[in-house]
Amino acid sequence: MSAKYSMIENGAETNKIKKFFQKDFSQFIVFAIPMIFIGIFLLYPMAITLIRAFWAPAEYTFKFTGWSLEGFRTFFGTKLYLKALGNSIIVSLSVTLLCILIGVPMGYCVARVKIPGKKLLVSLGILPIIMPSFVGAYTWVILLGNKGIVRTALNFILSPFGITLPSIYGMFGMILCMTLTYYPFVFQMAYGAFSGANALLEESAMLMGAGKARIMRTITLPLIIPSLGAAALLVFVRAIGNFGIPAVIGGNNYVLPTLIKFAYGGAGDINLASSIAVINVVITGLVLYVQKYIVNRHEYETISATHTEIKQHTGVGARIFAIILCLIVLIFSLLPQLTIIVMSFFKRWTGLLPTDFTWSNYANIFKKSGHELFNSFFLSIVATLMCAIFGSILAYITERKKPKGAALLDLSIMAPFILPGTVVSIALLSAFGGNGFMKLTGTYAILIISYMIRRTPYVYRSVAANLTQLNPSLEEASTISGATWFYTFRRVSVPLIMPSIIAGSVMTLTTLLQELSTTILLYGPKTRTVPIQIFNAVNENDLGRASALSTVLLVVVFIIIYTMNTRKGTDLSSSMKM
Amino acid sequence: MSKTVRYEHVNKIFGLGTKNEVHALKDISFTIEEGELFCLLGPSGCGKTTLLRNTAGLDTITSGKMYYGDVDISTIPPYKRNIGMVFQSYALYPHMSIFENVAYGLRVRKTPNDIVTKKVTEVMELVGLQEELKRNPSPTALSGGQQQRVAIARALVYDPDVLLLDEPLANLDAKLRRYMRAEIRRIQKATNITTIFVTHDQEEAMAVGDRLAVLRKGVVEQIGTSDELYNHPKNAFVANFIGKMNFFNAKVVASGEKETIAEIEASGIRVAIKADKRHVEPKMGDTVLIGGRPEYLAVSAEPSEKSIPGTVRIIQHLGSFIRYEVQINSDISPVTLEIDMDSLQPGIHEGDSVFVTFDGSRVALFSPEGREL
């Protein structure tokens, strides 16, 4: 009797095992790999950094130095460090405010005023964020330096008012450069929000008798607060994390990222650097919280609407104002790029105009920068491909599968997006720098990993945004027709989200080609990239060489962007949203 | 104050002078009376929404004049016209509560707070949302039908001279749509504001409107009450747009002052049509259309004098009547007839051969031109 029983049980058991193996496991395997990657190369390093922040000072060692609050005591007890903290906050907040003041009116003008060449304006208006920002910084030294051509011109215009421009080295220069670099985030979002707004909402207000100013105040502006909040946050985290601009023209005004580099590179104290990184993260976290609080109070479900075209202002005054505003902003923000191209053909530019025309800057690239060019392209392309694969799979998981803890997964993927590059580098160094279970310093691997960690959010966000708009029934139809999960993913999902994968990848590739803030702490003699070489050339005051290398980057980046813009359905801005 | 709305030779041409010139409204002239609920009806692209947007001032007409009462408003900007409008998608403000949505027009008019509260309460009672107003949620928290009521309240609260409704029921489900069209009529009659109601649904227009205008390709085909349009359509288009009309191709064999005799091509049957049922000037040998409503036709299993043979394609049970779709094999082209009868004919099934008869005294004569949409 009992034998019979156990046989039945055995049969049930084998059946269970059989069923287990008959299940479609492809999706779990596909999902597991990027999640493990995030665990090892993001969460683990971040945890180590947090721990190291409470270790005693270290001199060129990664070994355990004992628990201590010395790092924080040094930070809050040293004038230089506190001033850097103050500088960081002042610079980031001013840049955010100025970007809103420039970007919103400009976005409105391009979206709502009848002016020629709108597409061109939008394309030109995205260039500053795609171009290497620290490269722009030293061109302002040329243009706004003591004898610079723009300083001379502006001082001439401003002299009747008794104003003279402050020195380009220091706070003024940092705020100016970052504003001109980051205003496109606000401009692009404002443009999108103003042109995509539901025209009927404004028309109905007009029918009820509201004038233009009232419609603007009560309807148009309140409705763009959510996108504006997102753009402002983006500008803030970029500004507080920017390493290149303060390093080039900050002078002795340290900010947090340059301070981290100083603590690690100068004093060799990874634990102090970790403490500063933690402080930096806390500030960014606080700003994120405040932003979410403000935006959440203004977040609305949009009631879907039939699309009617938005009326444009056609008044002569409005049109002239719009054109002048756009031209001034574009000229100022694109002046650095022009200066670089001119400078690359000269030896010196110390006075009003450059002197000593030469081809040697370009000739030298082939002699001295071959390896760096290879490194830049190799690292960027490999990292971009990995980002594209991981980013789209992760977006698919959080958006379609909605597993338990999807919000947490989303948060950990997006975290590096708001973390300064130097913080990510310090985290990777803390985890894989010395006595850890993997030593990766100075390898290609650590750079590719850091790039992936920092840039996966681009593809992730772009694809997630695309997926929310994609009706799940398209995928369900495929499943019902008998397709396996992987077949559906390959034949239905991926082709549909391809435009957003491409948009995200283009953002990734172009920003990686000019990556400085992460690379500066992680590169070794064999893994030096073009931006590092430019940075060193600027520091050695070899501007001709720096400009020629920058021009090469500019051209490559421009070709990539241009090629993408000629394709339909790819929208860069969706990869910048949070 | 309710006002008349008058159009005089109104033309609207989009993209004037370009390759893509579209003549959307062609010489429109008619008058809507004070306090009238007037429907603009037509297939999509007929120009009804264009006419409404121009009436509101959201677009400007290319030529002609428009009057509210005696005032020429052709060039007056929309915010000075004192009109209320309800959009198909309602266009409620998602960032305001329903109270503030409704109060918007009053706030614009700098109305004191106590009067705003009073008027909003009154109008919300009129549209039946007094309970919702107490909770005062965001409009996104309301159902489609409630959003619709808020939109109507918002357009009515400041006593506009004219109320414009742009396909206001299109986003509601069928049952709610029938209920809301009665509600709209009730509210309109209660306020007595001159109202223009745009729709593509003829049943809705007939149920709601005091009078209807049927538009096609920017031209007003006919204006009248539901009854006039249904029983005395001026042409084949109106006949087939307001309800269903079956058409037979026919040839005029004799025509006099009192009646016209035409021969139906498919069967050779001759039909005499009285003068008042002629909507065309028939001449000997002309090709014409003989039109009959589905309820004027009948099917039977047995042939009779003046019956046309055909095949039953589909039998639909539609509650109060049965609809037969019968295919007639004409020499020229096959014609599918819709025939409505009170009860099921015993012994007739889908696929059977049948004979179609019709009431010769009730069919009408139309010109074959302009039958299509």
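What follows walks through the two chains of this predicted model, their domains, their contacts and a few local details.

Chain A is the helical one to start with: 25 helices and two strands turn up in it. Of its 578 residues, 47% are buried. Contacts in chain A reach a good way along the sequence, too. Taking pairs at least 6 residues apart, 81% of the contacts join residues at least 24 apart.

Chain A splits into two domains, and each is built from two stretches of sequence: domain 1 covers 24-53 + 360-578, and domain 2 covers 78-254 + 314-353. Their C-alpha centres sit 26 Å apart. Where the two domains of chain A meet, domain 1 puts in 31 residues and domain 2 puts in 29. On the domain 1 side, three helices of chain A each bring at least two residues, namely H19 (421-432), H24 (530-539) and H25 (543-566). H25(A) is the top contributor there, with 12 residues. Sorted by class, that side of domain 1 of chain A holds 18 nonpolar residues, 12 polar ones and one charged residue.

Chain B also comes in two domains, running over 5-236 for domain 1 and 243-366 for domain 2. Here the C-alpha centres are separated by 39 Å. The contact between them involves four residues of domain 1 of chain B and six residues of domain 2 of chain B. The four on the domain 1 side break down as two nonpolar, one polar and one charged.

Then there is the contact between the chains. Chain A contributes 24 residues and chain B contributes 21. Two helices of chain A, H10 (199-207) and H11 (212-241), give two or more residues each to the side that touches chain B. H10(A) gives the most, with seven residues. By class, the chain A side facing chain B consists of 13 nonpolar, eight polar and three charged residues.

On to the packing inside. The largest nonpolar core counts 257 residues, and the members that touch the most others are Val186(A), Ala190(A), Val235(A), Ile276(A) and Ile196(B). Helix H9 of chain A (residues 171-196) is the biggest supplier of this core, with 16 residues. For a look at one of those well-connected members, take Ile276(A). Setting aside neighbours within four places in sequence, Ile276(A) is in contact with Phe75(A), Leu256(A), Leu259(A), Ile260(A) and Ala263(A).

Over in chain B, Leu163(B) sits in strand S7, which spans residues 162-166. Leu163(B) has 23 other C-beta atoms within 10 Å, and it counts as buried because the cut-off is 20 or more. Beyond its neighbours within four places in sequence, Leu163(B) is in contact with Gly84(B), Ala155(B), Leu156(B), Ile193(B) and Thr195(B). As for Thr194(B), its C-alpha atom is 6.2 Å from that of Leu163(B), although the two residues are 31 apart in sequence.

The strands of chain B are worth a look as well. Five of them form an open sheet in the order S13-S12-S11-S14-S20, paired antiparallel. Strands S13 (270-274) and S20 (364-366) of chain B are the edges, each pairing on one side only. From one strand to the next, the twist averages 45°. At one end of this sheet, strand S12 of chain B (residues 259-264) runs antiparallel to S13(B), and five bridges join the two. Within that pairing, Ala262(B) stands opposite Val271(B) of S13(B).

A second antiparallel pair in chain B brings together S15(B) and strand S19 (residues 353-358), joined by four bridges. Strand S15 of chain B covers residues 297-300, and its side chains alternate. Leu297(B) and Val299(B) point to one face and are buried, whereas Ala298(B) and Ser300(B) point to the other face and are not buried. Ser300(B) also marks a spot in the pairing, standing opposite Phe355(B) in S19(B).

Note on methods
Residues are numbered from 1 along each chain as its sequence is written. Chains are lettered from A and ligands numbered from 1 in the order in which they are written. This is a predicted model: local features need pLDDT of at least 70, side-chain atom pairs count only at pLDDT 80 or more; totals for chains, interfaces and linings use all residues. Domain bounds come from an automatic or database domain assignment. Two residues are in contact if their C-beta atoms, placed from the backbone, lie within 7 Å. Ala, Val, Leu, Ile, Met, Phe, Trp, Tyr, Cys and Pro count as nonpolar, Asp, Glu, Lys and Arg as charged, and the others, Gly among them, as polar. A residue is buried if 20 or more other C-beta atoms lie within 10 Å of its own, exposed if 12 or fewer, and partly exposed in between; C-beta atoms are placed from the backbone. Two strands pair if DSSP finds at least two bridges between them. Axes are lines fitted to C-alpha atoms, for helices over the stretch in contact, and angles run from 0 to 180 degrees between N-to-C directions. A nonpolar core is a set of buried Ala, Val, Leu, Ile, Met, Phe, Trp, Tyr and Cys residues joined through C-beta atoms within 7 Å.
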